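This briefing introduces a structure to a reader who has not met it before. Please keep the sequence and the 3D view at hand while reading.

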Amino acid sequence: MSYTPVVRRLAFALVLALPAVLPSIASAGDADVTREMIVNDPAAPKAGNPKGDVTIVAYLDYNCPYCKTSAPELEKLVKSDGSVRVVYKDWPILTEASVYGAKLALAAKYQGKYDEVHKALMSISGRKIPESQMLAAIKASGVDMARLDADAKAHAAEITALLKRNDAQAKGLGLQGTPVYLIGPLLVAAAPDYAQFKEAVAEARKRAAKPS
């Protein structure tokens, strides 16, 4: 296969079309690991233009320093492009604190504050961030902490189910770690900067424009 320069530079693994159903995972039904659920899971937090012509699916962990490096670059791309849709896949695989942070970020979605908590957690430098430091960052983000606690308890089963789906999808895709970005038909196991995100989106649009 001939790779474009951006593909070589980012060590892309190209997926020309995600399979309709990924390899079965013992802990999840096939319905959880379809391409449709990867791109359009109604419970997954989303950002950007909901009608964007390119969807970026982001598999992230709040203790991943590479995720923290690329997160503001992705945010910059979304703001500057205007036609990019983002689907966040919290995939807490590094530490128990990662699970703690992911659950609170997803609980914040119920008060419309996922973005605020996501940015707060991604802004903490380093790795192996303890739960106490994550909680302090969340409190400083401006969320209603009483409601966050109530939503975390009331929606615990839904949040856990979403995290299990994210994990099943990641394993079905054969992902080895974070961050991973599905940019249209491209699978990017790297931490792109703004220019690299921009080039990958252009490549995704180019591929989409080609006749099938």
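In which helix is the place of Arg147? Arg147 belongs to helix α7, which covers residues 145–154. The model is a predicted one, and the points below treat selected residues, the nonpolar cores and the salt bridges.

**Arg147 and helix α7**

- Arg147 has a relative accessible area of 38% and is therefore partly exposed.
- Leaving out residues up to four places away in sequence, Arg147 touches Tyr110 and Gln111.
- With Tyr110 the side chain of Arg147 reaches the backbone oxygen, at 2.4 Å.
- Arg147 and Ala107 are 40 residues apart along the chain, and their C-alpha atoms are separated by 9.1 Å.
- Helix α7 also holds Lys153 and Asp149, which are 4 residues apart and thus separated by about one helical turn.
- The side chains of Lys153 and Asp149 form a salt bridge with an N to O distance of 3.3 Å.
- Lys153 is exposed, with a relative accessible area of 61%, whereas Asp149 is partly exposed at 41%.

**His118, Tyr62 and the nonpolar cores**

- His118 is located in helix α5, residues 114–122.
- Is His118 buried or exposed? Its relative accessibility is 5%, so His118 counts as buried, the cut-off for buried being under 20%.
- Beyond residues up to four places away in sequence, His118 touches Leu60, Tyr62 and Tyr88.
- A polar contact of 2.9 Å joins the side chains of His118 and Tyr62.
- Tyr62 in turn touches several residues farther than four places away in sequence, among them Asp90, Ala105, His118, Leu121 and Met134.
- Tyr62 is also one of the residues with the most contacts inside the largest nonpolar core, which has 47 residues; others so listed include Ile56, Leu74, Leu121 and Ile183.
- Helix α4 (residues 96–108) supplies the largest share of this core, 7 residues.
- A second, separate core has 13 residues, including Val39, Val57, Ala170 and Leu173.
- In soluble globular proteins, nonpolar side chains tend to be buried together.

**Thr95 in a loop**

- Thr95 lies in the loop between β4 (84–90) and α4.
- With a relative accessibility of 25%, Thr95 counts as partly exposed.
- Apart from neighbours within four places in sequence, Thr95 is in contact with Asn63 and Lys128.
- Thr95 and Asn63 are 32 residues apart along the chain, with their C-alpha atoms separated by 7.4 Å.
- The side chain of Thr95 also reaches the backbone nitrogen of Ala97, at 3.2 Å.

**Further salt bridges**

- How many salt bridges does the structure hold? The number is 10.
- Lys119 and Glu75 meet through their side chains in one salt bridge, at 3.1 Å from N to O.
- Because Lys119 lies in helix α5 and Glu75 in helix α3 (residues 65–81), this pair ties together parts that are 44 residues apart in sequence.
- Lys119 is partly exposed at 38% relative accessibility, and Glu75 is partly exposed with a relative accessible area of 28%.
- Another salt bridge joins the side chains of Lys171 and Asp167, with an N to O distance of 3.0 Å.
- Lys171 and Asp167 are 4 residues apart in helix α8 (residues 156–172), so about one helical turn separates them.
- Asp167 counts as partly exposed, at 21% relative accessibility.
- A network of salt bridges links Asp53, Asp81 and Arg205.

Methods: Residues numbered from 1 in each chain as written. Predicted model: local features only at pLDDT ≥ 70, side-chain atom pairs only at ≥ 80, totals over all residues. Heavy atoms only, no water. Helix = DSSP H or I, 4+ residues; strand = E, 2+ residues; numbered from the N terminus. Buried < 20%, exposed > 50% of the residue type's maximum accessible area, 1.4 Å probe, protein only. Polar contact = N/O pair within 3.5 Å; in protein donor to acceptor, adjacent residues only side chain to side chain. Contact = heavy atoms within 4.5 Å. Core = buried A, V, L, I, M, F, W, Y, C linked by side-chain atoms within 4.5 Å. Salt bridge = Lys/Arg side-chain N within 4 Å of Asp/Glu carboxyl O.
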